[in-house]
Amino acid sequence: MALFPASLPLAEEAPRKGIDYTVAIEGDAPDDLQDLLEQSSRLIQLQSKPPFSIRALRRRTEEDVDGLVKVLRAEGYYDGRVTSRIDPAAEPNTVRLQVEVGPRYTISGFRIAYAPRTTSPDPIRPEELGITLGMAARSEAVATAQKLAILKLGYRGFPQSRLVDQDIVVDYATKKMDVALTIDAGPRLTVGSLNLEGLTAVEEAYVRTVANWPEGALYDTRAMDQVRRDLVRTGLFEAVRMKPLPSHTGDGAAPVTLVLVEREHRSIGAGTSWSTSEGLGAELFWEHRNFFGAGEKLRADIAVGEIRQEMKAGFAKPNFGRLDQNLKAEISYAHENNDAYTEDTIHSVVGVDRRVGDHWIIGGGLSLEFSQIDEMGKVDEFALLGLPLAARYDSTDDLLDPTRGIRFGAEVTPYLGLNGEAPDFIRSELFGSAYYDALDNGRVVLAARGKIGAMAGDSTDDIPASKRFYSGGGGSIRGYQYQAVGPLDANNDPAGGRSLVEIGAEARIRITDAIGVVPFIEGGNVYESMAPDFSEAFQWGAGLGVRYHTAVGPIRFDVAVPLNKRDGVDDAFQFYISIGQAF
């Protein structure tokens, strides 16, 4: 017997070629059903992986026929038939699936019965479960109704409900379906004591304050979910989980155990930005989110830029005096040197804000600031006492990169001058933005914003330069230099004004999951008058941006040009680089 040497390679087996085919689903199915059949067809799904023989293709076809019949029955077509034929003479092979849907069955009855218990729930009407008599007998509607029934019983004191039997009768003579569900509702429970596990640095008393535990109330799974959400919203926990309720044989109070996983309470971070109008900027911060053990936040920031340098420290006490009310305090020192003025200021503010409903926050406080401002060689010192008042509405889905919802806010601050040079005046702003997900998948988001400001009080020259309205730059109207939109002095430096209008719109288009492009246009003006004078033309800027989407938000790079460029004032274009969308 001759043996092949081990070093001799065996001949490679020639790759097998699959049998290509096309699929045609034909018949009398309505358009929505036709789409569903095509989406459900395994023949279509596996078309890029052809079988290696006609026999395998026939087997795949038979399986598809069975699957499509199940789809017909699930949609209420219980007399539906699917036949198949493979045309091997065609090039490539053609699989023809002939569909005969037949009449659509309807639901003629829907009942819920409860297994015997000490306390039985109130009846649930079929309409509460999305069922109306005479509707199409779709299996998905019945399955959804079953889940909703258990869910709604959990709202009504029966969190341990379970489906024990279902009797679904399809009458082929009358083309009707009758559904009967039997549910063991379990005992009727009230909310018992709250037990907490996993706390290390967060005080238990604070957790109980936030939970606002409804002991003694009828058990409602929605209320339990709300407690979990409220605790997660504090930012102190990575996870909040409720242990399964112990089995109860009779009605009574159900003690609840929450397992909490605390997150890191300290963090440091840094950010940077750059634009041709404002130069390079960097920021460093340190934050402690549980300073005294009850969610108090202490934060220190240092920001250094070519125009502005600032140091500030802030403190926030959540749930101050009542739930959803926060005490906030901040003190800062800043130096700013821009084309309009040079300023050194010490600013302090203390106030409270309160959440109202799911989307509103209202607040007010007291501020005190001392500043020295050099404007065109004239140095003034100002001492101002302020009463800042604000209301904000936010229904957007993301802080840094919203795709839907609106934001709206109003701020009014009366100022009282505390020295001879400081005037009395009122500064107010209205601002808002809206976001529309055009394709409902986040790939194309249309965004628009607007802002209007007005100031009542002394003339523009008497109001401190740092309190006037300015526009232009990366945070307002891109394409123009920082604060350059509006009145200018004899040196073409910004003079500021007592009123302002800004509008803008952009389309945020994702090319890939990570890369997007953003065409945008913005316009507005600043006015010396107390209210905007719309007879004066807007300054318009437009441009194109690129977004690189990361887990913490988009990194943006924008280039913009002034559309009505002023000779000797405006540059041909401006660049902006920062984190987060423009608005």
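## Asp380 and strand 17

Leaving aside neighbours within four places in sequence, Asp380 is in contact with Ser371, Gln372, Ile373 and Glu421. The model in which these contacts occur is a predicted one. Asp380 belongs to strand 17, which covers residues 378–386.

The relative accessibility of Asp380 is 16%, and the residue therefore counts as buried, the cut-off for that class being under 20%. The side chain of Asp380 also forms a polar contact of 2.8 Å with the side chain of Lys378. Lys378 is thus a polar partner of Asp380, while Ser371, Gln372, Ile373 and Glu421 are its contacts from beyond four places in sequence.

## Overall form of the chain

The chain contains six helices and 26 strands. Its radius of gyration is 34 Å, well over the 25 Å that the globule rule gives for 583 residues, so the chain is more spread out than a compact globule. Along the principal axes, the C-alpha trace spans about 100 × 70 × 70 Å.

Of the 583 residues, 39% count as buried. Among contacts in the chain with a separation of 6 or more, 57% come from residues 24 or more positions apart.

## Surface and charge

The accessible surface of the chain amounts to about 30,600 Å². Carbon and sulfur atoms account for 56% of that surface.

The chain carries 62 positive and 84 negative charges. The mean positions of these two sets of charges lie 9 Å apart.

## Helix 3: Thr61 and Ala56

Helix 3 spans residues 54–74 and includes Thr61. Thr61 is buried, with a relative accessible area of 2%. A polar atom of the Thr61 side chain lies 2.8 Å from the backbone oxygen of Leu57. When residues up to four places away in sequence are not counted, Thr61 touches Leu43, Ser84, Ile86, Val95 and Leu97.

Ala56 also lies in helix 3. With a relative accessibility of 18%, Ala56 counts as buried, since the class takes in values under 20%. Ala56 and Gln226 are separated by 170 residues in sequence, and their C-alpha atoms are 54 Å apart in space.

## Helix 4: Lys152

Lys152 is found in helix 4, which runs over residues 139–155. Not counting residues up to four places away in sequence, Lys152 touches Ile124, Glu128 and Leu129.

A further relation links Lys152 to Thr221, which is 69 residues away along the chain. The C-alpha atoms of Lys152 and Thr221 are separated by 9.0 Å.

## Arg443 and its surroundings

Arg443 is located in the loop between strand 20 (residues 425–437) and strand 21. Its relative accessibility of 24% places Arg443 in the partly exposed class. Setting aside neighbours within four places in sequence, the contacts of Arg443 are Asp437, Arg508, Ile509, Arg510, Ile511, Thr512 and Asp513. One of these residues, Asp513, is joined to Arg443 through a side-chain polar contact of 2.8 Å.

Arg443 and Tyr77 lie 366 residues apart in sequence. In space, the distance between the C-alpha atoms of Arg443 and Tyr77 is 36 Å.

## Positive phi values in two loops

Most residues other than glycine have a negative phi. Asp324 has a positive phi, near 65 degrees, although the residue is not glycine. Asp324 is found in the loop between strand 13 (308–317) and strand 14 (325–337). With a relative accessible area of 32%, Asp324 is partly exposed.

Gln483 likewise is not a glycine and has a positive phi of about 65 degrees. Gln483 lies in the loop between strand 21 (444–457) and strand 22 (499–510). The relative accessible area of Gln483 is 6%, so this residue is buried. Asp324 is thus partly exposed, whereas Gln483 is buried.

Key: Residues are numbered from 1 along each chain as its sequence is written. This is a predicted model: local features need pLDDT of at least 70, side-chain atom pairs count only at pLDDT 80 or more; totals for chains, interfaces and linings use all residues. Side-chain values use heavy atoms; hydrogens and water are left out. Helices (H or I, at least four residues) and strands (E, at least two) are DSSP runs, numbered from the N terminus. The radius of gyration is taken over C-alpha atoms; the globule rule is 2.2 Å times the number of residues to the power 0.38. Buried means under 20% relative accessible area, exposed over 50%, partly exposed in between (1.4 Å probe, protein chains only). Contact means heavy atoms within 4.5 Å. Accessible areas come from the Shrake-Rupley method with a 1.4 Å probe; for residues, only the protein chains shown count as cover. Lys and Arg count as positive and Asp and Glu as negative; His and the chain ends are not counted. The place of a charge is taken as NZ of Lys, CZ of Arg, CG of Asp or CD of Glu. A polar contact is a pair of N or O atoms within 3.5 Å; within protein, one must be able to donate a hydrogen and the other to accept it, and residues adjacent in sequence count only if both atoms are side-chain atoms.
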